[in-house]
Amino acid sequence: MAVVTAPVAAAADAAPTGRPLARYGPALGSATACAGFAALIPTIADYSSIRVAWPWISGLGVELSFLIDGLALIFALLITGIGALVLAYSASYFKGHHKLVRLLVLLVLFELSMLGLVLADNLILMFVFWELTTVTSFLLVGFDHEKADARNKALQALLVTAAGGLALLAGILLIGAVAGTLEASALPAAAAALKADPLYPAILVLVLLGAFTKSAQFPFHFWLPNAMAAPTPVSAYLHSATMVKAGVYLLARLTPALGGTGPWLWTLTIVGGVTAVLASIWALRQTDLKLTLAYTTVMALGTLTMFLGGASAIALAAAVTFLIVHAFYKAALFLAVGILDKKAGSREIDQLGGLARPMWRTWVVVALAALSMAGFPPFLGFIGKELKYEGALAVASEPLLVVTFAVAANAMMVAVAGLVAIKPFLGPRTATAAKAGEPPFAMWLGPAVLATGGLVFGIAPELVGAALVNPTASVMIGDRVAKDFKLWHGVNIPLMLSILTFVLGVVIYLALGRIRRGLAAGEAHGLWAAESGYDGVLAGTKALAAWQTRVIQTGRQTQYFLWTTTVLAALLWAGLAMGGFAVMPRGVEAISLIELTMLALAAFGAVATVVTRSRLLAILALGLLGSAVAAIFVFYGAIDVAMTQLLVETLIVVIVAVALLRLPRLTPAPGLEVRWGHLGVALATGVATALALTAVLGTELDRRITDFFEQASATEAFGRNIVNVILVDFRALDTLGEIAVVVVAALGAVALLTRRREHREASR
Amino acid sequence: MELALAVLVGVLTTCAVYLMLSGNMVRFIFALALLSNAVNLVIFAAGRLTYAAPPLIADGAKAPADTVANALPQALILTAIVIGFGLLAFTLVLVHRAHQTLGTVEADDMRVAEPASDDDEAR
């Protein structure tokens, strides 16, 4: 765990001093963590895994459990390794920027979230980290938050991936309910039960929604190119090497538990294949190099998804190898585009040219990465591509379809690689070449290491093959995979397909101008407007909110009160209905004439207050009501209450009478015109209240508190009037609070009355 | 008697709600007084009624000898009456002040916090 916390400590050290050690601290921490993970490679290469766990919310089956197997280790190495290079690059890229510390801290937080995601064994824990990557990526995409555009695109990325995250959570809970465990390492044992369960389709849909939104699969792909509003180092890290692969990781992690079924195979193959081909076409359409790379990332994610659906050892090994290949060349190219942007002043393909001489060191790096991307031998990309073709021929669902998708996507990758590596450097000199120069070492180091890695591992593929790819494929297939990794396989079908790919790629590259014009025309006709769906949902939600605000929040007090009362009455009636309208069981006791008179007077007072048009009569009626109620209190032993009631009623009559002299008459007098709707609501409320009271009276009274007061008043508080003792002794603090309320009300009243003059003067 | 009290509570509540829905703030104040009486009666009845036996302890006795009225709801109502009075007085002043400033006691004409939009005017 010390390995994992190292970057955090380093980030905390990166005080806003700008000292080199502080700026490069996070990068060093991340590199240390990477070395720590690398030390675990021998263990993993031996097909074993490491699991540590602490209890967390044991009642819900949520543990702080972490698992390091081949799959987790590959991701951990990529996250920390590329993380170190990107952090170093960012420290140089943003040198002197006032938000450098903010960027570094966010990047490190993201790195930790991502690490947690791939290392977590408990699915709920994984989900927590999953959401943390969503939140940190939101902050990183919106890094230039002064720009409305960056904010909108950050919000788009957040909404799309967080919506998918919710689906994923539901899927995880269903998995837990069916499998009886939330530990990913225990799921393969429950795979048969999961796949046979009637809930399996629901689980599949929910989990795939989470994975597809996160990994930008069609039709959720649009947020990823838009997320290029982020600074280039962020895009290189989040949107090529790590975060977008979280969905791929999820699919890989759940392959043993959910994979291999017909729906799984077909969904992954079709969605992945369509995404790959569409994205490579879109990539050709772009003129901004960063957007081109963004679309090729979508293409790579589609390819990975397609091969994860393959369910054969070769297809899975191909996916894992391509994952590594892609992380190396894509991060290198992204970082290189950042260098071009910074040092040549543009990312537009048409404005760049003739940079091979002034930026030759950058060109070497780009060329190496592009060769790996295009899949030329002896680069790792070549091995990845050969494996892909071998895997495509072995997939369970439809080999021919997968091969077609793969060849089409790869051919366009060759064209894109040429576009990135040839045109800006060897093309005709443009104005940008005049002032272009080499980047600082820290910016060059990252892409250089990554691009060289593609070459070194291509020459010695066993370094990654036996050590990482085979154990990972074994985790997914649930059986030991021992594939040989060689550069030269002899003349076979994959080699033929590779040659076909190169030829097609070169043709596409040469015809690029015409293709781009054609695509632009298609776009003008509103083709491929997948984003409009998102916009539609967003606009619809806003319209719904505006509509319901207009309907419910009219700004009219009478309507607010009508809503409130209606809901209250409805709740009361619902409660009564559920209680079976329990009526008081005791028979109606005889009512003496005087009691009946008081009840009648009270009711008369209430009704008179409603119907009268005279304010004076209304006040008198209120006084009548209050006195009648006081009399009822007297009959039933509440002497103190009755006294207070009489006192207060008198006060109210006096005060209201005085105040009403200053208030207008009851005009417009409603007269005898009855508001029938209001009367209905009022009756519904009143009758429900009466029925609720009778229902309460039908229950047994719990006299424990009363008994206590009766026993304790004389013996403990030395008072013989129990009510008084309660108020001034047992519940004295409540009485103090009551006094405070009255005082505050009085102060408020005084303040309102005395500000009158000032207000009048001010309004003049 | 309990059942009769429940009926009275129903009448008071109905009258109070009907008055409050009128939108006239003066009537609203009357309604507030009605409603607090209704609430007090609910608390009183819910504690059950005991005829003419105040909760007092005779000299020399440690506890009431016979069944006496429930003291607990009485204490609650005492507090409620006083607080209800404070609320009523404050509301009264508030209405008075609103009338001075806005020139109306009709709640629907008080649109300072939530100004009427154009389509409201059209209605």
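Where is the place of A:Tyr329 in chain A? A:Tyr329 sits in helix H15 of that chain. The model described here is predicted.

**Helix H15 and the cores**

A:Tyr329 counts as buried because its relative accessibility is 2%, and the cut-off for buried is under 20%. Leaving out residues up to four places away in sequence, A:Tyr329 touches A:Phe322, A:Ala369, A:Ser372, A:Met373 and A:Met413. A:Leu40 is another matter. A:Leu40 and A:Tyr329 are 289 residues apart in sequence, and their C-alpha atoms are 24 Å apart in space.

The largest nonpolar core has 191 residues. Within this core, the residues with the most contacts are A:Met126, A:Trp223 and A:Leu258. Helix H15, residues 313-344 of chain A, gives the most to the core, with 23 residues. Another core, of 76 residues, lies apart from that one. Its members include A:Ala682 from chain A and B:Val9, B:Ala31 and B:Leu78 from chain B. In soluble globular proteins, nonpolar side chains tend to be buried together.

Which residues does A:Leu258 touch, not counting residues up to four places away in sequence? A:Leu258 touches A:Ile175, A:Leu194, A:Lys195, A:Tyr200, A:Ile203, A:Val207 and A:Trp264.

**A:Thr501 in helix H23**

A:Thr501 lies in helix H23 of chain A, residues 493-510. With 0% relative accessibility, A:Thr501 counts as buried. Setting aside neighbours within four places in sequence, A:Thr501 is in contact with A:Tyr389, A:Val407, A:Asn410, A:Ala411 and A:Val414. Take the pair A:Thr501 and A:Val414. They are 87 residues apart in sequence, yet 7.8 Å apart in space, C-alpha to C-alpha.

**The interface between the chains**

How many residues of chain B are in contact with chain A? The count is 88 residues of chain B, in contact with 106 residues of chain A. The area buried between the two chains is about 8,700 Å². Carbon and sulfur atoms give 72% of that area. In chain B, the residues that lose the most area to chain A are B:Met1, B:Tyr18 and B:Leu21. Together these three account for 10% of what the chain B side buries.

**Cavities**

The structure holds 5 cavities of 30 Å³ or more. The table sets out two of them.

| Cavity | Volume | Lining by class |
|---|---|---|
| Largest | about 110 Å³ | 7 nonpolar, 5 polar, 1 charged |
| Second largest | about 70 Å³ | 11 nonpolar, 1 polar, no charged |

The largest cavity is lined by 13 residues. Those closest to its centre are A:Val648, A:Glu649, A:Ile652, B:Ser36 and B:Ile81. Helix H29 (639-660) of chain A and helices H2 and H3 of chain B each give two or more residues to this lining. H3(B) supplies the largest share, 5 residues.

The second largest cavity has lining residues from chain A, among them A:Leu71, A:Phe75, A:Val248, A:Leu304, A:Leu323, A:Thr472 and A:Met476. Five helices of chain A each supply at least two residues of this lining: H4 (70-93), H12 (245-258), H14 (289-308), H15 and H22 (462-477). Helix H15 thus appears again, having also given the most residues to the largest core.

**Backbone exceptions**

Most residues other than glycine have a negative phi, and most peptide bonds are trans. Some places in this model depart from that.

The peptide bond from A:Phe218 to A:Pro219 is cis, with omega near 5 degrees. A:Pro219 is in the loop between helix H9 (200-214) and helix H10 (223-226) of chain A. The bond from A:Pro377 to A:Pro378 is also cis, with omega near 5 degrees. A:Pro378 falls in the loop between helix H16 (360-374) and helix H17 (380-394) of chain A.

A:Tyr47 has a positive phi, near 65 degrees. This residue is in the loop between helix H3 (41-45) and strand E1 (50-57) of chain A. B:Arg48 has a positive phi too, near 70 degrees. B:Arg48 is found in the loop between helix H2 (25-46) and helix H3 (71-102) of chain B.

Is each of these two loop residues buried or partly exposed? A:Tyr47 counts as partly exposed because its relative accessibility is 29%. B:Arg48 counts as buried because its value is 15%.

How values were computed. Residues are numbered from 1 along each chain as its sequence is written. Chains are lettered from A and ligands numbered from 1 in the order in which they are written. This is a predicted model: local features need pLDDT of at least 70, side-chain atom pairs count only at pLDDT 80 or more; totals for chains, interfaces and linings use all residues. Side-chain values use heavy atoms; hydrogens and water are left out. A nonpolar core is a set of buried Ala, Val, Leu, Ile, Met, Phe, Trp, Tyr and Cys residues joined through side-chain atoms within 4.5 Å. Buried means under 20% relative accessible area, exposed over 50%, partly exposed in between (1.4 Å probe, protein chains only). Helices (H or I, at least four residues) and strands (E, at least two) are DSSP runs, numbered from the N terminus. Contact means heavy atoms within 4.5 Å. On a 1 Å grid over the protein atoms alone, a cavity is a set of points where a 1.4 Å probe fits but cannot get out, and a pocket is an open set with protein on both sides within 12 Å along at least five of seven lines; lining residues have an atom within 4 Å of a point. Grid points are joined across faces, edges and corners, and a volume is the space filled by probe spheres set on the points. Ala, Val, Leu, Ile, Met, Phe, Trp, Tyr, Cys and Pro count as nonpolar, Asp, Glu, Lys and Arg as charged, and the others, Gly among them, as polar. Buried area is the accessible area (1.4 Å probe) that two parts lose on being put together, summed over both.
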